[in-house]
Amino acid sequence: MLISGRGSNLQALIDAVAAGTLNAEITIVIANKADAAGLERARAAGIETMILDHRGYASRDDYDAAVATELRNRGVSLVCLAGFMRLIGPRLLDAFPNAILNIHPSLLPAFPGVNAQTQALDHGVKISGATVHLVTGELDGGPIVVQSSVPVRDDDTADLLSARILIEEHRLYPEAVRIILDGRWRLEGRRLIRSPA
Ligand code: GRF
């Protein structure tokens with residue numbers, strides 16, 4: 001997993017694995033920030049952690065190649081981004097084709113980028129939500145795996161809406177990982193189509 005901060009989605013995946021509802025192993029958590037609180041969550045769960053600070057690299061390509069090398073060395077098959085505040089370039093995308101997931105706090109394609117919850121409030125939508133999608137070169141633009149809607153209330157603030165969306169995120173991310181690891185899906189253009197069990 002790649003994180004930059006709080007790591008509550010990481011925690012949701014850790015909990016799902018521990019509860020036996022997600023049949024997976026979280027091999028390593030890499031953060032680009034040494035003070036990412038999520039690192040402590042990973043350590044507490046006995047997961048290997050690594051800090052790769054992007055500022056130590058000359059280019060995005062160099063940084064992404066370093067991340068890809070660490071992940072490949074450990075036999076990682078699926079990369080999960082959760083609050084990882086970096087664009088993913090071709091060196092990492094090509095190392096894990098259709099095998100990088102991201103979670104975003106809106107119903108994409110609405111409100112990509114930062115502060116999605118504030119964007120939703122400011123726009124005046126009545127329903128927002130969360131999306132887990134495959135990562136491509138387009139910011140928050142890859143094929144959608146799962147989404148969940150969250151009503152926007154008249155008295156919402158960005159914090160209140162974020163908190164309600166986050167509850168859905170924590171449910172949604174393990175579900176998305178289950179779907180992708182299960183392998184019974186294909187892409188038709190932008191559409192991720194699941195095969196019957
Ligand atoms: C989440 O809202 C996620 O959707 C967004 O960044 C936030 C990360 O939160 N990409 P956390 O670090 O998982 O707690």
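Q: Which residues lie nearest the centre of the second largest pocket?
A: This is a predicted model. In it, the second largest pocket is lined by 16 residues. Five of these lie nearest its centre: Ala24, Glu25, Ile26, Thr27 and Leu78.

Q: How many residues in the lining of the second largest pocket are nonpolar?
A: Take the lining by class. One residue is charged and three are polar. The nonpolar residues number 12.

Q: Which elements each supply at least two residues of the lining of the second largest pocket?
A: The space in this pocket is about 270 Å³. Two helices meet the mark of at least two lining residues each: α1 and α6.

Q: What volume of space lies in the largest pocket?
A: Start with the walls. The largest pocket is lined by 38 residues, and Gly83, Phe84, Met85, Ile103 and Pro105 lie nearest its centre. The space inside is about 910 Å³.

Q: Which element gives the largest share of the lining of the largest pocket?
A: Several elements supply at least two residues each, among them α1 (8–19), β4 (79–82) and β5 (100–104). The helices α5 (116–123) and α6 (158–182) do so too. The largest share is five residues, and it comes from α6.

Q: How many charged residues are in the lining of the largest pocket?
A: Sort the lining by class. There are 17 nonpolar and 16 polar residues. The charged residues number five.

Q: Where does the ligand sit?
A: Look at what surrounds the ligand: Arg6, Gly7, Ser8, Asn9, Gly83, Ile103, His104, Pro105 and Glu169. Among these, Gly83, Ile103 and Pro105 are also listed as nearest the centre of the largest pocket. The ligand sits in the largest pocket.

Q: Which elements give two or more residues to the shell around the ligand?
A: The ligand sits in the largest pocket. Two elements give two or more residues to its shell: α1 and β5.

Q: How many residues of the shell around the ligand are polar?
A: Split the shell by class. Two residues are nonpolar and two are charged. The polar residues number five.

Q: Which residue has a side-chain N or O atom 2.6 Å from an oxygen atom of the ligand?
A: Gly7 has a backbone N or O atom 2.7 Å from a ligand oxygen. Asn9 has a backbone N or O atom at 2.9 Å from a ligand oxygen. The side-chain atom at 2.6 Å belongs to Ser8.

Q: What percentage of the area that the ligand exposes when taken alone does the protein bury?
A: Polar contacts with the ligand include one at the backbone of Gly7. Taken alone, the ligand exposes 370 Å². The protein buries 85%.

Q: Is the peptide bond from Leu108 to Pro109 cis or trans?
A: Most peptide bonds are trans. Pro109 is in the loop between β5 and α5. The bond from Leu108 has omega near 15°, and it is cis.

Q: What is the phi of Phe111?
A: Phe111 is also in the loop between β5 and α5. Most residues other than glycine have a negative phi. Phe111 has a positive phi, near 60°.

Definitions and conventions
Residues numbered from 1 in each chain as written. Predicted model: local features only at pLDDT ≥ 70, side-chain atom pairs only at ≥ 80, totals over all residues. Heavy atoms only, no water. 1 Å grid on protein atoms, 1.4 Å probe; cavity = no way out; pocket = protein on both sides within 12 Å on 5 of 7 lines; lining within 4 Å. Points joined across faces, edges and corners; volume = space filled by probe spheres on them. Helix = DSSP H or I, 4+ residues; strand = E, 2+ residues; numbered from the N terminus. Nonpolar A, V, L, I, M, F, W, Y, C, P; charged D, E, K, R; others polar. Near = heavy atom within 4 Å. Polar contact = N/O pair within 3.5 Å; in protein donor to acceptor, adjacent residues only side chain to side chain. Areas by Shrake-Rupley, 256 points an atom, 1.4 Å probe, with all protein chains shown as cover. Sits in = over half its atoms within 2 Å of the grid points.
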